[in-house]
Number of protein chains: 2
Amino acid sequence: MEYIAHDADIAPVATLIADPTRAAMLTALLGGRALAAGELARISGVSAATASAHLARLLGGGLVDVVSQGRHRYYRLAGHEVAEVLEVLARMSARRPVRSLRQSRQAKLLEEARTCYDHLAGRAGVSLLDRLKEGGHYAAHDLTETGERLLTRLGVDVPDARRARRRFAPECLDWTERRSHLGGALGAAITTVLLERGWYRRGTTPRAVVLTDEGRRGLAELLPGKELTSHTPVT
Amino acid sequence: MEYIAHDADIAPVATLIADPTRAAMLTALLGGRALAAGELARISGVSAATASAHLARLLGGGLVDVVSQGRHRYYRLAGHEVAEVLEVLARMSARRPVRSLRQSRQAKLLEEARTCYDHLAGRAGVSLLDRLKEGGHYAAHDLTETGERLLTRLGVDVPDARRARRRFAPECLDWTERRSHLGGALGAAITTVLLERGWYRRGTTPRAVVLTDEGRRGLAELLPGKELTSHTPVT
DNA sequence: CCGACATTTCGCCCGGCGTCTAAGAGTCGT
DNA sequence: ACGACTCTTAGACGCCGGGCGAAATGTCGG
């Protein structure tokens, strides 16, 4: 009596992620924005033809979606399940050794504040969750009454986030900080509002976001406490 | 100004999982038990030489541990982080088409009850969590007072589980049922007790566990409600 | 000390996949 | 309608990595 593996077949999906070029593309897309094929080619450092082939495979494997706009084709992650896989893998993987000064600068930016598919991560994300907890706005994976009022005042549609099929307000382990930030439908909704309000804006490097002066003031008023990000400017 | 990916490098880990042979090995090890190199070779359907090469790579990549006992070398997953990656990937991956009758039988066994690295999964795991919730023993990712008493009576060292560095009692999305079962330190502790008591015993196929008559009686007494597993025997 | 068994190492073959250049298909602006 | 631009397809090349058998290493039992 021989046992033959017959579980869910994880190899095909892993294969799609395993190639360094595709991994770079997926990681870039983890920023949550849709990127054109050409941008992805440049980011991952291959020719347009090679990038196209990779994107076709990712598309076939259901890891990315595509939307055509004129002569551009914008690719994005197929859903937050894909983002979860990438985040879990990132958490397990050693930090890539920094090779250049520019890379070091970009790495610092990402550690400071970035989007994790559709919610805020990095030091900014971790300290936001910390302050929600300290203020008694969040406990046991849910908002408290004061938290619900606070976020509603900020402009977050909390009931709508509760209706979403994904988990409402899970803690998501941050791979740079190794502490939790806020994920799920609520994390996404808050991040959307923060970007709409211009409290954070997207940086030039994929995934990176930076706190604006407006955001600094607004958050200080909303959530008294330490700065949401370190004072030392990224040089 | 060119952007070059510099995030955590997820490709190497993905590469280790991407090979079908290694994926089969890792999936088998998800059962939580350490398996000898020879067993893993048989399970994944390759020669001992090939298996050895794969295991060396998995070892180098930190995905598995090894412990030598006599002329056997027992391999096991390096930690629950690895198990998490595999579970998340399994959740994303399509079910492998069933090819033979025996495979279908084994698949049914796994859907019924299996270990997910170190805690109970499948219909049994999902319905266990359901009943804990229904009985008011578990809410908001934590045990209630009655739940703590109940499990202590069963023989679970709850305070010890709370002290563990991993999360205490997270809900873990089941890839066959697509509903949550209990994971984390508490899930592991409960499962250990269930196996020690002989309420469940490990099946012949990796990962599979079956409810014993003792277990049926014990659980019915402990958690009144529907059967923990379906009545229809697996034929 | 020797034979049986588990595992690893070595040498070799081979297929698949990632890469590029060049050409084709589709889209926009003028 | 034409050229410029974006992206995909086609074809060819190179190489990494998985597969096996045979031999070496290590371990247990007598």
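**View 1. B:His54 at the backbone of DNA strand D.** In this predicted model, a polar side-chain atom of B:His54 lies 2.4 Å from a phosphate oxygen of DNA strand D. Such a polar contact is a pair of N or O atoms within 3.5 Å; within protein, one of the two must be able to donate a hydrogen and the other to accept it, and residues adjacent in sequence count only if both atoms are side-chain atoms. Phosphate oxygens of DNA strand D are also reached by polar side-chain atoms of A:Arg73, at 2.8 Å, and of B:Arg22, at 3.0 Å.

Residues are numbered from 1 along each chain as its sequence is written, and chains are lettered from A and ligands numbered from 1 in the order in which they are written. Local features need pLDDT of at least 70 and side-chain atom pairs count only at pLDDT 80 or more, while totals for chains, interfaces and linings use all residues; side-chain values use heavy atoms, with hydrogens and water left out.

**View 2. The protein surface near DNA strand D.** A residue is near a strand if one of its heavy atoms lies within 4 Å of it. Of the 21 residues around DNA strand D, those that come nearest are A:Arg73, A:Tyr75, B:Thr50, B:His54 and B:Arg57. Of the atoms of DNA strand D that come within 4 Å of the protein, 75% belong to sugar and phosphate. Helix H4 of chain B gives the most to this surface, with four residues. Helices (H or I, at least four residues) and strands (E, at least two) are DSSP runs, numbered from the N terminus. The surface residues divide into seven nonpolar, eight polar and six charged. Here Ala, Val, Leu, Ile, Met, Phe, Trp, Tyr, Cys and Pro count as nonpolar, Asp, Glu, Lys and Arg as charged, and the others, Gly among them, as polar.

**View 3. The protein surface near DNA strand C.** Around DNA strand C there are 21 residues, of which A:Thr50, A:His54, A:Arg57, B:Gly38 and B:Tyr75 come nearest. Sugar or phosphate holds 76% of the atoms of DNA strand C within 4 Å of the protein, and the rest belong to bases. Polar side-chain atoms of A:Arg57 and B:Tyr75 lie 2.8 Å and 2.6 Å, respectively, from a phosphate oxygen of DNA strand C. For B:Ser52, an N or O atom in the side chain is 3.0 Å from a phosphate oxygen of this strand. Two or more residues each come from helix H2 (20-29) and H4 of chain A, and from helix H3 (37-44), H4 and E3 of chain B. H4(A) gives the most, with four residues.

**View 4. The hairpin of chain B.** Strand E2 (residues 64-69) and strand E3 (residues 72-77) of chain B pair in the antiparallel sense over six bridges. Two strands pair if DSSP finds at least two bridges between them. B:Val67 has B:Tyr74 in E3(B) as its bridge partner. Two residues lie between the strands of this hairpin, and B:Gly70 in the turn has a positive phi of about 60 degrees.

**View 5. The three-stranded sheet of chain A.** This open sheet has the order E1-E3-E2, with antiparallel pairing. Its edge strands, E1 (35-36) and E2 (64-69), each pair on one side only. E2(A) and E3(A) are joined by six bridges in the antiparallel sense; among the bridge partners are A:Asp65 and A:Arg76.

**View 6. The largest nonpolar core.** A nonpolar core is a set of buried Ala, Val, Leu, Ile, Met, Phe, Trp, Tyr and Cys residues joined through side-chain atoms within 4.5 Å. Of the 68 residues in the largest core, A:Ile17, A:Leu63, A:Leu77, B:Ile17, B:Leu63 and B:Leu77 touch the most other members. A second, separate core of 30 residues includes A:Ala113, A:Leu143, A:Leu150 and A:Val156.

**View 7. B:Thr115 in strand E4 of chain B.** B:Thr115 lies in strand E4 (residues 114-116). This residue counts as buried because its relative accessibility is 2%; buried means under 20% relative accessible area, exposed over 50%, and partly exposed in between (1.4 Å probe, protein chains only). The side chain of B:Thr115 reaches the backbone oxygen of B:Gly31 at 2.8 Å. Leaving aside neighbours within four places in sequence, its contacts (heavy atoms within 4.5 Å) include B:Leu30, B:Thr191, B:Arg202 and B:Val209.
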